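Reader: I have the predicted model open and want a close look at one residue. Start there, then work outward to the loops, rings and helix packing. Keep it brisk.

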Amino acid sequence: MAKQLVIKLIFWYSETMKIKTAWNLKLLYKSGDDPQIEKDLREIEQRCETFEKKYRGKNSMASPKKLATAYDDIEKLDTRLSQLEPAWYFALKTDLDSADSQSRALATKYGQRMTEAFNRIKFFGLEIAKIDPKRQRAFLAYTPLKPHVYALTRIFKQAKFNLPEGEEQLKSLLKQTSYSMWIDVQGKLLSQQTIKHHDKDLPIAEAIAKISDSSKRDRREIHNKVNAVLKSISHVAEGEINAVYSYKKVMDKRRGYEKPYSSTILGYENDEHAIENFVTLISKNFKIAHRFYKLHTKLLGEKKITLADRSAQIGEIKTKFDFPASVSILQSTLNKIDPEYATLFENFLTNGQIDVYPKKGKKGGAYCWGSGRLPTFLLLNHTDDLRSLETLAHEMGHAIHTELSKSQPPAYQGHSIATAEVASTFFEQIISAEVEKHLSPKEKVFLLHNKIMGDISTIFRQIACFNFELELHQKIRAAGQISKEEMANLMSKHLKSYLGEAVEVTPDDGYFFVYWPHIRNFFYVYTYAYGQLISRALYEKWQADPSYAKKIKQFLSAGRSMSPEDIFKSIGIDTSKPAFFEAGLKGIERDIIELERLTRS
């Protein structure tokens with residue numbers, strides 16, 4: 001049945017549309033030599049200079065009325081600037097080919113010019129932040145400023161962490177040399193790594209993706225070869241991690257952030273105390289993950305497993321999901337939820353906004369890139385398995401979220417990272433449920449196992465990573481810097497914390513810190529767990545009442561117009577209480593109990 005469905009959908013697609021599998025960066029510029037690039041850079045510089053001349057030193061914050069006038073102008077400026085991103089064109093090119101040193105250099109060069117231009121208007125937000133707290137209420141109550149109340153509230157909340165303008169400008173410029181370049185060189189090094197398996201050179205991203213679907217012998221061999229490669233280049237990661245974590249330490253201390261994660265949580269618009277409680281709750285429930293891996297080990301026919309077996313399949317879902325098949329299934333599913341989503345997806349496919357297949361030099365993993373009014377791009381490393389289909393749905397969830405948020409005013413376009421992962425994991429759950437309908441009873445058991453494994457990875461593994469990252473920051477802050485061996489030992493410790501006794505973790509397994517990109521994007525990982533549990537609630541509401549799709553679209557269209565907590569509250573989900581997340585964890589436990597029942601011999 002599943003095979004027939006896939007064949008039918010593939011045929012329909014081959015007759016109705018031409019799928020492009022590589023990025024068409026001409027949607028941004030014709031080429032790296034396009035004269036429009038320089039024109040756009042000059043326009044950015046000129047517009048920022050004009051705004052600065054008009055408002056710097058003109059006491060624009062003297063009254064709510066004056067601020068409202070200035071806000072109208074900054075909104076017009078933001079609208080135009082959101083259509084211009086010349087540096088990103090070259091950054092995207094380097095993600096396709098890490099050996100493209102010319103594009104990397106131009107991304108840096110033009111990025112610096114843009115930063116210097118944006119520094120000219122940085123004074124505006126800093127001046128708003130200086131409005132006396134006793135007068136802030138009058139500004140927030142002024143009718144013409146009503147559309148900007150949430151943005152103003154965020155500026156006022158951030159105010160105590162601001163630096164003097166000169167230091168803010170210097171920080172923006174130094175971030176490229178003290179952070180971004182370190183990350184870039186590590187990413188470039190990783191993208192050039194390969195392992196040899198069955199006489200074939202596999203890019204490291206492709207090798208890692210193959211582990212879960214390989215035989216016991218192959219997956220352990222691939223895993224050990226990947227570990228060896230990561231360990232061999234860990235000296236570079238050691239310098240990189242010490243440098244960027246020390247940079248963050250300096251900035252946090254200068255701004256007055258008390259904890260390493262404080263700036264991230266504030267930037268993602270969450271409540272710090274609530275997220276601390278959330279992390280504690282998940283950590284206290286690592287026993288749920290332990291229970292799963294004990295069962296997982298049994299289902300693999302082992303008494304104890306290695307880290308290579310962590311994501312191993314317990315049985316084969318025979319249907320293959322090559323890219324045309326994945327497209328067909330996702331397109332059909334999106335159309336059922338909301339035809340607009342399907343139309344957006346079709347546009348991405350025909351316009352060349354999705355780069356599909358892995359290759360040497362291409363950035364590993366997957367992501368969605370979108371900025372302002374510019375076209376949104378998805379990067380995949382599709383390997384024709386079910387996980388690749390789920391990743392496509394995940395990243396398309398980000399893309400739909402990004403596109404719908406463009407209905408908001410410039411200040412509220414985009415979304416908090418905390419809401420982004422809700423959107424992506426919701427669509428991932430939808431596609432998993434759609435695939436399940438077309439599987440045999442035995443394959444449904446395999447899918448349930450994989451679903452639980454995904455929940456464990458997205459929730460418990462990511463919080464274990466959060467805990468690892470926190471301790472890594474603390475140790476570097478205390479010691480000045482630490483060795484790659486200490487980093488690896490620390491990662492091994494936190495991997496063990498959520499995996500439990502059933503999984504053997506070796507010292508070499510800890511070198512995965514070299515590859516794990518999210519520890520460079522400080523404390524990003526908590527949003528995966530946060531998003532997965534919220535999206536689970538969204539999915540259950542939608543299952544119970546398909547008309548709830550309208551509420552989901554309301555969330556996807558909200559952008560940054562409210563805090564994440566308020567956005568979810570507006571659609572009937574209260575994330576402020578631990579009981580909400582506890583209910584989600586109990587749901588995962590019920591799934592494990594069901595898998596235990598179905599696999600009981």
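**Asp355 and beyond**

Author: Asp355 counts as buried, because its relative accessibility is 7% and the cut-off for buried is under 20%. Keep in mind that the model is predicted. Asp355 sits in strand E4, which covers residues 354-355. What does Asp355 touch, once residues up to four places away in sequence are set aside? Its contacts are Thr21, Ala22, Trp23, Leu96, Lys362, Leu378, Leu379 and Leu380.

Now use Asp355 as a reference point. Asn59 is 296 residues from Asp355 along the chain, and 48 Å separates their C-alpha atoms. Asn59 lies in the loop between H2 and H3. Its backbone is worth a look. Asn59 has a positive phi of about 55°, although it is not a glycine. His198 gives a second case. Its phi is positive too, at about 50°, and His198 is not a glycine either. His198 belongs to the loop between strand E1 (194-197) and strand E2 (200-203). With a relative accessible area of 57%, His198 is exposed.

Go back to the loop of Asn59. Ala62 is found there as well, between helix H2 (35-55) and helix H3 (64-81). Is Ala62 buried, exposed or partly exposed? Ala62 counts as partly exposed, with 32% relative accessibility. Ile131 is 69 residues from Ala62 in sequence. In space, their C-alpha atoms are 8.7 Å apart.

Next, follow H2 to its packing partner. H2 and H5 pack at an angle of about 20°, and their axes are 8 Å apart. The two helices are therefore roughly parallel to each other. Their crossing is left-handed. H2 makes the contact with Ile37, Glu38, Leu41, Arg42, Ile44, Glu45 and Cys48. H5 brings Tyr110, Arg113, Met114, Ala117 and Phe118. Sorted by class, the contact of H2 with H5 holds eight nonpolar and four charged residues, and no polar ones.

Tyr110 leads on to the rings. The whole structure yields 38 aromatic pairs. Phe90 and Tyr110 form a tilted pair, because their ring centres are 5.5 Å apart and their planes meet at 55°. This pair links distant parts of the chain. Phe90 is in helix H4 (residues 86-96), Tyr110 is in helix H5 (residues 101-119), and their positions lie 20 residues apart in the count. Phe90 is buried, at a relative accessible area of 1%. Tyr110 counts as buried too, at 12% relative accessibility.

Compare another pair. Tyr526 and Tyr530 are edge-to-face, with 6.5 Å from centre to centre and 75° between the planes. How far apart in sequence are Tyr526 and Tyr530? They are four residues apart, about one turn of the helix, and both lie in helix H22 (residues 526-544). Tyr526 and Tyr530 are both buried. They also belong to a cluster. Ring pairs join them there with Tyr261, Tyr268, Phe278, Phe466, Phe523, Phe580 and Phe581.

Two further helix pairs complete the tour. Take helix H20 (residues 441-479) and helix H25 (residues 578-598). They pack at an angle of about 150°, with axes 10 Å apart. The crossing of H20 past H25 is left-handed. On the H20 side, the contact uses Val445, Leu448, His449, Lys451, Ile452, Asp455, Ile456, Ile459 and Phe460. On the H25 side it uses Leu585, Ile588, Asp591, Ile592, Glu594, Leu595 and Leu598. By class, that gives 11 nonpolar residues, one polar and four charged.

The other pair is helix H9 (residues 165-191) with helix H12 (residues 234-255). Their packing angle is about 160°, and their axes are 9 Å apart. H9 and H12 are therefore roughly antiparallel to each other. Their crossing is left-handed. H9 contributes Glu167, Glu168, Lys171, Lys175, Ser178, Tyr179, Trp182, Ile183, Gln186 and Leu189. H12 contributes Val236, Ala237, Gly239, Glu240, Ala243, Val244, Tyr247, Met251, Arg254 and Arg255. The contact of H9 with H12 has 10 nonpolar, three polar and seven charged residues.

Technical notes. Residues numbered from 1 in each chain as written. Predicted model: local features only at pLDDT ≥ 70, side-chain atom pairs only at ≥ 80, totals over all residues. Heavy atoms only, no water. Axes fitted to C-alpha atoms, helices over the stretch in contact; angles between N-to-C directions. Parallel < 35°, antiparallel > 145°, perpendicular 65-115°, else oblique. Left-handed = near helix turned anticlockwise from the far one by under 90°. Contact = heavy atoms within 4.5 Å. Nonpolar A, V, L, I, M, F, W, Y, C, P; charged D, E, K, R; others polar. Phe/Tyr/Trp six-rings, centres within 6.5 Å; stacked < 30°, edge-to-face > 60°. Buried < 20%, exposed > 50% of the residue type's maximum accessible area, 1.4 Å probe, protein only.
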